[in-house]
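Trainee: I have a new model open and would like a walk through it. Could we start with the ligand?

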Amino acid sequence: MSEEPDNRTTGAEGSAAHLRKARHGMKIGIIGAGNIGGNLTRRLTALGHHVSVANSRGPHTLTALAEETGATPVPVEEAARGAEIVIVAIPVKAVPDLPAGLLDEAADGVAVVDTGNYYPQRDGKIAQIDDEGLTESRWTQRQLDHPVIKAFNGTYAQDILDRPRPAGAPDRLALPVAGDDEAAKRKVRALIDELGFDTVDAGGLDDSWRQQPDTPVYGLRAGIDGVTKALAEAGPERKPELRG
Ligand SMILES: NC(=O)c1ccc[n+]([C@@H]2O[C@H](COP(=O)([O-])OP(=O)(O)OC[C@H]3O[C@@H](n4cnc5c(N)ncnc54)[C@H](OP(=O)(O)O)[C@@H]3O)[C@@H](O)[C@H]2O)c1
């Protein structure tokens, strides 16, 4: 388990600091325990948050991750219960399979993060994205019937473990964050800051094509200036190979 990069406390002092943080930790639901969901589970538990994590096969398949991190494995129906932040980290094609009412028991004002990317070869053709021009996250938002914040979609999962830096570090990476719900966006940006990354406000969901696959910012490892420039340089055309 990696520690926070700027946590220099040790021994009893370190445990006390951890307990203090844990007491103030948020309840976070993570749906998807693969590359991105697994590593977010690792980091968010290390920061003292109370993470419930779900996959498609059930909590009994998540015991190793639970033992490693202290996260609570739950059936997907329970992943959002009481959560202030819910992170959806599953393949786009699986989003319509999520149970109806998934967010009904989440905390008031829950922020829902969409990490997804649409790859037609993997996800099958989604006509509303390909033909009607919906952004990927607007499509996901419609499936979930709840506002989403697009974040982490262009971030290498391994960087979540390897690249956190304290605020102000010259090599701190920045992540673009898009969404229409400003309060939720603020909450998600604060969480990303806590994870050790800067953020750039990439606008509303209808602007979020600027961070979809094959754009200049997708997979870019850069700070605020580089990410801002890359978002501005994006063009709206989808390459034929990214269309279903
Ligand atoms: N890999 C990256 O570096 C990265 C970075 C940024 C964004 N993304 C995007 O984030 C999304 C997830 O990517 P990933 O690489 O983390 O995928 P992954 O490693 O294949 O993991 C997918 C996870 O989703 C779970 N899942 C699938 N269907 C589900 C359902 N109906 N209900 C609950 N859980 C379900 C899977 O559970 P089971 O194993 O039990 O089926 C698995 O835990 C994709 O859209 C991807 O494009 C990936």
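Mentor: First a definition: Ala, Val, Leu, Ile, Met, Phe, Trp, Tyr, Cys and Pro count as nonpolar, Asp, Glu, Lys and Arg as charged, and the others, Gly among them, as polar. This is a predicted model, where local features need pLDDT of at least 70, side-chain atom pairs count only at pLDDT 80 or more, and totals for chains, interfaces and linings use all residues. Residues are numbered from 1 along each chain as its sequence is written.

Trainee: How do the residues of the shell around the ligand divide into nonpolar, polar and charged?

Mentor: The shell has 14 nonpolar residues, eleven polar and two charged.

Trainee: And which residues come nearest to the ligand?

Mentor: Gly32, Gly34, Asn55, Ala94 and Ala157, out of 27 around the ligand (C-beta atom, placed from the backbone, within 6 Å). H2 gives the largest share of the shell, three residues. Helices (H or I, at least four residues) and strands (E, at least two) are DSSP runs, numbered from the N terminus.

Trainee: Where does helix H2 lie?

Mentor: Helix H2 (residues 35–46) lies across strands E1 (27–31), E2 (50–54) and E4 (85–88). Its angle to E2 is about 165°, with axes fitted to C-alpha atoms, for helices over the stretch in contact, and angles from 0 to 180 degrees between N-to-C directions. Contact here means C-beta atoms, placed from the backbone, within 7 Å.

Trainee: Now the sheet. What is the order of the strands?

Mentor: The order is E3-E2-E1-E4-E5-E6-E7-E8, an open sheet of eight strands with mixed pairing. Two strands pair if DSSP finds at least two bridges between them. Strand E3 (72–73) and strand E8 (198–201) are the edges, each pairing on one side only.

Trainee: What does E7 pair with?

Mentor: E7 (residues 174–179) runs antiparallel to E6 (residues 149–150), joined by two bridges; Ile149 has Gly179 as its bridge partner. With E8 the pairing is parallel, over four bridges, and Val177 stands opposite Asp201 there.

Trainee: Is E7 buried or exposed?

Mentor: Six of its six residues are buried, meaning 20 or more other C-beta atoms, placed from the backbone, within 10 Å of a residue's own. In a regular strand the side chains alternate between the two faces of the sheet. On E7, Ala174, Pro176 and Ala178 are buried on one side, and Leu175, Val177 and Gly179 on the other.

How values were computed
Contact = placed C-beta atoms within 7 Å. Buried ≥ 20, exposed ≤ 12 C-beta atoms within 10 Å, placed from the backbone.
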